[in-house]
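Reader: I would like to learn how to read a protein model, one feature at a time. Could we start with the cysteines and then go on to helices and strands?

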Amino acid sequence: MAKKNSNSKKQCYISVPSQIINSLSTSSLQSLLDSPKKSSKTYNKYLSLSTYRNSKKLWLLAIFLFGLLGMLKLNFNLNPLIVSYPCFSSQSLSQSQGLVSNGVLKSGVIDREKENVVEDVIMNDSVQSLKPISNGVLKSDEGFEEENEEVEFWKQPDGLGYKPCLDFSEDYRKATTGIVTERSKYLMVVVSGGMNQQRNQIVDAVVIARILGAALVVPILQVNVIWGDESEFSDIFDLEHFKNVLADDVHIVSSLPSTHLMTRPVEQKSPPHHVSPSWIRSRYLRKLRREGVLLLRGLDSRLSKDLPSDLQKLRCKVAFRALRFAPPIVELGNKLTERMRSKGQYLALHLRMEKDVWVRTGCLPGLSPKYDEMINNERIQRPELLTARSNMSYHDRKLAGLCPLNAYEVMRFLKALGAPRDTRIYWAGGQPLGGKEALQPLTSEFPNFFNKEDLALPSELEPFAKKASIMAAIDYIVCESSDVFMPSHGGNMGHAIQGRRAYAGHKKYITPNKRHMLPLFLDSSLPEPEFNRIIKELHQDSLGQPELRTSKVGRDVTKYPIPECMCNNSSDARTI
């Protein structure tokens, strides 16, 4: 029964189960509510009064006990014999479905079945489309979808059990004895370009020395005319490690011995592209034996990509084992890696958005007419810088996949693949044309965006100032150590890291299929969910899975180390 408080505008009541109400007779209830009738006889009057008072006390006690149980139920969640309801305002109470009328409990109090229905409705309204997860937290369907996308984004590809295996043949090992003791023939090489381009040429220099049976003088790094970098081999690479790892393959010396100091090297023009070992021997071996010293320049992509198996293994040995960066570079690179990893997994991007990249590719940055005009003028003044097909328009190059992705395209691509907004991103590369403005689409969507200047103290980078090759080496270490890597454009660094990540167990490497996905960027009518679905399907086999080098002609073994440098001996090996 609800008791009305004249000092309050709200009414509170306690509902008693219908079983209790029904057990009471109508007369019993009436005796509680109505005054007893008067009797003319004194005895009857006394008896009636006594009975009335005792009955009244008993029923008041019963109602008090049920009320107490109702309040206890709210705190201790007892088996619900009593259903309690909150206080209502006078207005809301009058709008309710008549649970109380004139202060009298109706016999049709809500039964348990109806109460369950009410509870189900309330529960459905409050947790609509919520589902439990393992830790008991409720998540919506959308939350589950986002969580699954995030898990999928960081998921590593199946390496199919492939591991490094550089087992040289018996013939190779027999020939080694005479080659490593060679003291009459010396090969000198001058390598050029950026750090990753220099790495490729050093790899081929070692292989050419092995083909000629000559000792290799530590390669000379040509001063970079663009960046003015005067670094030497030992500034970038660990020289002693380089010598020790290759001690059973090629004899390596820091400089020419005194017996050959006065010898004038026979300098040869750069060999044509993709020459074979037999071409190398027929062209250089006789002169080398006669003069004792051979000097070669411009070895970039000169040696064939399809060499005998032992020479392919030697390429991998140089690229993945011998060419280790100098200790100061490794130390700083590892520090930056630890700082990126301090809060979990991270993605590394190699962004190609520098001014010279736009000029050389024949593409436009798309930032504004001012920047596009700047690139066109530079290309007109220096046509020799254009490395892409000169007879193609910018639009044709773009659709052919020959242009780097800009910041907006990278942002949409990563979102389509399921990269979460809080993804920590390390970006490598030179200063983009347009500065921070050029990166704004990326940084606004992925605010945890860092490069080496953001992570390192000024004093840590100061020793390497104006040394572009060393700065590129630091980027290489942090990118190679990332959980996921993606280049915005092809290039020597992207190729080097792709091969290194494959050799390390096929760590995730995303290769943007620019030719097929760029038309999607131009289709403004394509809904975002459909765009995301197509992008995922388009790249499901471009995430760093094992690929055979021999499946396509001209593939570099340092980019695709299977089958020459990696093997799978497991009984359940699957074909690629």
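Reader: Is C567 buried, partly exposed or exposed?

Author: Keep in mind that this is a predicted model. Buried means under 20% relative accessible area and exposed means over 50%, with partly exposed in between. C567 has a relative accessible area of 25%, so C567 is partly exposed.

Reader: Which cysteine is the partner of C567, and how far apart are their sulfur atoms?

Author: A disulfide is a pair of cysteine sulfur atoms within 2.5 Å. C567 forms a disulfide with C165, and the two sulfur atoms are 2.3 Å apart. C165 is in the loop between β9 and α7, while C567 is in strand β21, so the disulfide ties together parts 402 residues apart in sequence. C165 has a relative accessibility of 12% and therefore counts as buried.

Reader: How many disulfides does a search of the whole structure find?

Author: The search finds three. Another of them joins C316 and C565, with sulfur atoms 2.0 Å apart. This pair also links distant parts of the chain: C316 belongs to helix α12 and C565 to the loop between α24 and β21, 249 residues apart. Both C316 and C565 are buried.

Reader: Is the disulfide of C316 and C565 right-handed or left-handed?

Author: The torsion about the S-S bond is what to read here. For C316 and C565 the torsion is about 85°, so this disulfide is right-handed. For C363 and C403 the torsion is about -90°, so that disulfide is left-handed.

Reader: Where do C363 and C403 lie in the chain?

Author: C363 is in the loop between α14 and α15, and C403 is in the loop between α16 and α17, so the pair ties together parts 40 residues apart in sequence. Their sulfur atoms are 1.9 Å apart. C363 is buried at a relative accessible area of 0%, and C403 counts as buried at 1%.

Reader: Let us turn to a helix. What span should the 13 residues of α15 have?

Author: The expected span is 1.5 Å times one less than the number of residues. For the 13 residues of α15 this gives 18 Å, and the end C-alpha atoms are 18 Å apart, which agrees.

Reader: Which residues of α15 are buried?

Author: The buried ones are Y371, D372, I375, E378 and R379. Looking down the axis of α15, these buried residues fall within an arc of 125°, so they line one face of the helix. They pack against α14 and α18.

Reader: Which exposed residues does the face of α15 turned away from its buried side carry?

Author: That face carries P369, K370, E373, I380 and Q381.

Reader: Now the strands. In what order do the five strands of the open sheet come?

Author: To read a sheet, list the strands as they pair, then look for the edges. The order here is β18-β17-β16-β19-β20, with parallel pairing. β18 and β20 are the edge strands, since each pairs on one side only. Inside the sheet, β16 and β19 pair in the parallel sense over four bridges. One bridge partner to look up is F485 in β19, which is matched with A348.

Reader: Which strands does helix α13 lie across?

Author: Helix α13 lies across β16, β17 and β18, and runs at about 150° to β17.

Reader: Why is strand β10 called largely enclosed by the rest of the structure?

Author: Count the buried residues of the strand. In β10, six of the six residues are buried, so the strand is largely enclosed by the rest of the structure. Its side chains go two ways: Y186, M188 and V190 point one way, and L187, V189 and V191 point the other way.

Reader: Which strand do two bridges join to β10?

Author: Two bridges join β10 to strand β11, and the two strands run parallel. L187 stands opposite L216 in β11.

Reader: To finish with the whole chain, how many helices and strands are there?

Author: The protein chain has 24 helices and 21 strands. It has 576 residues, of which 43% count as buried. Among contacts with a separation of 6 or more, 76% are between residues 24 or more positions apart.

Notes: Residues numbered from 1 in each chain as written. Predicted model: local features only at pLDDT ≥ 70, side-chain atom pairs only at ≥ 80, totals over all residues. Heavy atoms only, no water. Buried < 20%, exposed > 50% of the residue type's maximum accessible area, 1.4 Å probe, protein only. Arc of directions from axis to C-beta. Contact = heavy atoms within 4.5 Å. Pairing = 2+ DSSP bridges. Axes fitted to C-alpha atoms, helices over the stretch in contact; angles between N-to-C directions.
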